[in-house]
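Reader: I would like a close look at one part of this predicted model, the largest nonpolar core. Which residues touch the most other members, and which elements give two or more residues to this core?

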Amino acid sequence: ARRELLDTACSEAERLNRFVGNLLDMTRIEAGAVKLNLEPCDVQELVGCALAVLETRSDIRKVAFKMLPAMPLVPMDLVLMIQVLVNLLENSLKYSPPGSPIEIIATTDASWLLLEVADRGTGVPEHDLKRVFDKFYRIPVPEGAGGTGLGLSICKGIVEAHGGRIAAENRSGGGLSIVIRLPLGGQNL
């Protein structure tokens, strides 16, 4: 019984710490105080680091990663973009059924990196697709799926600070796809 209470206390402390961290991140983003440490980064390293963060979670499942055979290095703040990818993967885990696939797909298009996180959950009602990036906005969640409605707005702020864009769209056959577009070179920053 003591062990269960201790585990619950630790889990709630971690949740509170994430909440306070998200509030601070959102405040920095809104104040324009996010200072990017742009360095040429390997997309494979970005994905590997994000997956390593989630490795200890009990609900983690296999994530398929597909990318072009030769990907350019992309100027980004690796620490912040890992946070973005972790937030997107946590949402996919939260809003899709256990055992369903989660995919990360990296491609390029002209002068952009396209990084997609896709799941096979229920998707988002069409009228909510743009609102999912609003602060504190949440769609009805499956039982037990907590959250504050800050994760996607933080993602949007970080991606836009990089000179990029982020969008959500429902997948045919069910599920949600979130696509990040980051500039490949400094010309778009």
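Author: Met 81, Leu 88, Leu 89, Leu 113 and Ile 180 touch the most other members of the largest nonpolar core, which has 42 residues in this predicted model. Two or more residues each come from the helices α2 (43–54), α3 (78–95) and α4 (151–161). The strands that do so are β3 (74–76), β4 (102–109), β5 (112–119), β6 and β7 (176–183). Helix α3 gives the largest share, 10 residues. In soluble globular proteins, nonpolar side chains tend to be buried together.

For the setting, the protein has four helices and seven strands, and their order along the sequence is α-β-α-β-β-α-β-β-α-β-β. Of its 189 residues, 40% count as buried.

Strand β6, one of the elements named for the core, spans residues 165–170 and also gives the most to the lining of the second largest pocket, with three residues. The volume of that pocket is about 160 Å³. Its lining consists of Glu 126, His 127, Leu 129, Lys 130, Phe 133, Lys 156, Ile 166, Ala 167 and Ala 168. Sorted by class, five of these are nonpolar, one is polar and three are charged.

On the aromatic side, the structure holds zero aromatic pairs. A charge does sit over a ring, however: Arg 165 lies over the face of Trp 112, at 4.9 Å from the ring centre.

Note on methods: Residues numbered from 1 in each chain as written. Predicted model: local features only at pLDDT ≥ 70, side-chain atom pairs only at ≥ 80, totals over all residues. Heavy atoms only, no water. 1 Å grid on protein atoms, 1.4 Å probe; cavity = no way out; pocket = protein on both sides within 12 Å on 5 of 7 lines; lining within 4 Å. Points joined across faces, edges and corners; volume = space filled by probe spheres on them. Nonpolar A, V, L, I, M, F, W, Y, C, P; charged D, E, K, R; others polar. Phe/Tyr/Trp six-rings, centres within 6.5 Å; stacked < 30°, edge-to-face > 60°. Lys NZ or Arg CZ within 6 Å of the ring centre and 35° of its normal. Core = buried A, V, L, I, M, F, W, Y, C linked by side-chain atoms within 4.5 Å. Buried < 20%, exposed > 50% of the residue type's maximum accessible area, 1.4 Å probe, protein only.
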